[in-house]
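Student: Please take a close look at the open and enclosed space in this model, and at what lines it. I would like one connected account.

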Amino acid sequence: MLLTLHSPADAIIGHYRLAVSVMSPDGRTLQKTDKSDFHLLFNPWCKDDVVYLPDESLLREYIMNEDGVIFMGTWDYIRSIHWNYGQFEDYVMDICFEVLDNSNDALRNSKMDMEHRFDPVYVSRIITAMINSNGDRGVLSGRWQEPYSDGVAPYKWTGSVPILQKWSKAGVRAVKYGQCWVFAAVACTVLRCLGIPTRLITNFSSAHDVDGNLSIDFLLNERLESVDRRDREDSSWNFHCWVESWMRRVDLPKGNDGWQVLDPTPQELSDGEFCCGPCPVTAVKEGNLGVKYDAPFVFAEVNADIIHWVIQRDGQRKKLKVDQATVGRNISTKSVYGDQREDVTLHYKYPEGSKKEREVYEKAGRRVTEPAGISAEPGHLKLSIKHPKPVFGTDFDVIVEVKNEGDRDADAQLTMLAMAVTYNSLRGGECQRQTISVTVPAHSVHKEVLHLRYDDYIKCVSGNSLIRVKAFLEAPGESEPLLSVANIPLSMPEVVIQVPGKAVLWKPVTAYISFTNPLSVPLKGGVFTVEGAGLLLATEIPLKRDILPGHKASLELSFSPMRAGVRKLLVDFDSDKLKDVKGVATVAVL
C-alpha cells in the first residue's frame, strides 16, 4: 500500500513522528509501528509558503550554499573573510530545533510557542533573541575587548558548526565569544537550515543610536579625548553585520514583503528581549518607522547624522562638525554569482542628496537643515588626512594636509593624535600625539607627517583593531575649529593552502598549509584551525616551536571528503603577536 502525505503550506515546522497501526475488524491493534520520524521545514520552493522565492539561482545561494563571504573593514577599505555556514552538516538541524525549544517563549508556554511555529515572522524573531545569550539560554556570549582567555576570541571562528555543537554539548550554555559578524553568521546557518532564504549583510559606518534622536553625538575634550558620558553612549561602528530573510509579511499592510532585517547582536531591548526584527527593508527605505519590528533602530543604523562636539574648559559644548553623509555606506552582501561583493545600499536608501531622500528624512523625523550653531560662512582653511593601506607589522607614514585657500598667510595650532580602536569604536591605547604651530602661506598646502612605527603601535593595537588618526586645527581668524578623522585598517598577511591532485569522496587527500612570519619578532604559541563543510570537522593544530622572523611554518593535513561538490577549506592562524590570519582553498570533490 502506498500512502502519500501532503503537508499544508502553513504547517508547523518541527520534529514529527509518524505512527502506523493495523487494526482488526473488532478494534484490536494487531501491529503498531512508530519508528518513523522526520523534520518538517519551511519550503521556499512552494508558492503557497510565505517564504516562497521564485528564483532558482537565489535559492541555490540563500538556502543551499554552505559557504559564505563576510565583508568587514571600513567603508573605503573593504576586506572579506570566508565563513563555513554548514547548515547541512550532521545534527545541525537537531540543534536548530533545540535553539527554538530553549527560547523564553518556549519555556514559558511550550504549547503556545509550538502553535506559532508555522509563522516565519515569529520563528525568525525568536532566533534573533536566541543567537545571543543576553537574558536567555542563547547560543553566544558577546565580548568586544580583550581578554578572551576564558573562551575563543571572536575573530578566531571560521564557521557556525563548532559554535552550535559546543552550545548543545555544554547543555545549552552560552559559547564564548561572539561579535556582530559571528552572531549574524550563526543566525544565517539556523535560518537557512529551517528553510528560510537568508543572506548576511554588512553595513559600513553603522550607527548605534541609543536615545532615538537619529543623531550620533560624539563629545571630545580639548585634548581630543572622547568624553565618557554617564549614560550609555551613541556610537558609530566601522561596520556592523546583520542578516536579511525573505518572507511575505501577512501581518503588515501591503508593500512590506521581501527582504526583512534581522539583527541577532544584542544592542537594544525590543519587547523586553534582546532581539531585533524582522523589519522590512522597504519600510527602512521609505521611512515608515511605525512598522513592526524595530524600524526606528534599523533606520538610524543606516541614516543617522554624526555630530562632533568639543567641550570647552568652561563646560560649554561647541559644535565642531555635522556629518550627514557618512552613516550607512556600501551596504554589502555576497553575490549569488560568486565570492564578489554585491552592493545593496539602494535597497535601504534613496541616492544621497536626492529629493526623494529628503522626503524620507522628513517623514522619519530627521531634520534636513543644518542645525543652528554651525556658521554658514565656509573658512579658508581645509584639513585632510592621507594614508597608505599598511600591512600589520610594517612602519608607515600618515600625512596631514592643511590647505589655505585665503589671500593671507594663516597661523594655526595643529594637534594630531593616533589611537587604537576596535571595529565598533571601543577605544584602545594612544599610539602617538603631537601638537605643533604651523604657518600656511596663502594659496598653498602645508603637510605634516606622522611616523607610525610597528614598535610604537604594537603597544596599543590588539586583535582586529585599527588605528584612528584625528587631526584638529585651531586658527585665530577662522570661525570654527576643524576636525578630520581617518580610520586606518591594518591588513593581515595570508595563510597559503594547496590541495594538489584529485579530491574524491571518502578517499584521503592532503592539504599543504604554510605561513611566513612577516614581523621582526618571533611568533609564539601558534595554532592553525582548519574546517570545511563536507570536508572535515573543525581541527586545531598547535605548532611545536616558535616561528622566527621571516621563517615559514608548514604542515600537512590529510582528510577524507564526506560530501561531493565544490567545497571550501578554511584556515585560521593565531599566535601571541599576530591573530586573525586567514586562508581559503577551493576543493572540487568528485
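Tutor: The account below starts with the largest pocket and then turns to the cavities. The model is predicted, so local features need pLDDT of at least 70 and side-chain atom pairs count only at pLDDT 80 or more, while totals for chains, interfaces and linings use all residues. Residues are numbered from 1 along each chain as its sequence is written, and side-chain values use heavy atoms, without hydrogens or water.

The volume of the largest pocket is about 1,200 Å³ (the space filled by probe spheres set on grid points joined across faces, edges and corners). A pocket is an open set of points on a 1 Å grid over the protein atoms alone, with protein on both sides within 12 Å along at least five of seven lines; a cavity is a set where a 1.4 Å probe fits but cannot get out; lining residues have an atom within 4 Å of a point.

In the largest pocket, 46 residues form the lining, and those nearest the centre are Phe218, Ser236, Trp237, Ser425 and Arg468. At least two lining residues come from each of the strands β7 (198-208), β8 (215-220), β9 (235-247), β12 (305-311), β13 (317-323), β16 (381-386), β21 (466-474) and β22 (482-488). Strands (E, at least two residues) and helices (H or I, at least four) are DSSP runs numbered from the N terminus. With 5 residues, β22 gives the largest share of this lining. Sorted by class, the lining of the largest pocket holds 18 polar, 15 nonpolar and 13 charged residues (nonpolar: Ala, Val, Leu, Ile, Met, Phe, Trp, Tyr, Cys and Pro; charged: Asp, Glu, Lys and Arg; polar: the others, Gly among them).

Now the enclosed space. There are 5 cavities of 30 Å³ or more in the structure, and the second largest cavity has about 60 Å³ of space. Around the second largest cavity stand Glu61, Tyr62, Gly68, Val69, Tyr85, Arg192, Arg199, Leu200, Thr333 and Lys334. Here α1 (56-64), β3 (67-74), β7 and β14 (329-334) each contribute at least two lining residues. By class, the lining of the second largest cavity has 4 charged, 4 nonpolar and 2 polar residues.

Strand β7 thus supplies at least two residues to the lining of the largest pocket and at least two to that of the second largest cavity. The loop between α7 (180-193) and β7 holds Ile196. Ile196 counts as buried because its relative accessibility is 0% (buried means under 20% relative accessible area, exposed over 50%, partly exposed in between, with a 1.4 Å probe and protein chains only). From Ile196 to Arg317 the C-alpha to C-alpha distance is 49 Å, and the two are 121 residues apart in sequence.
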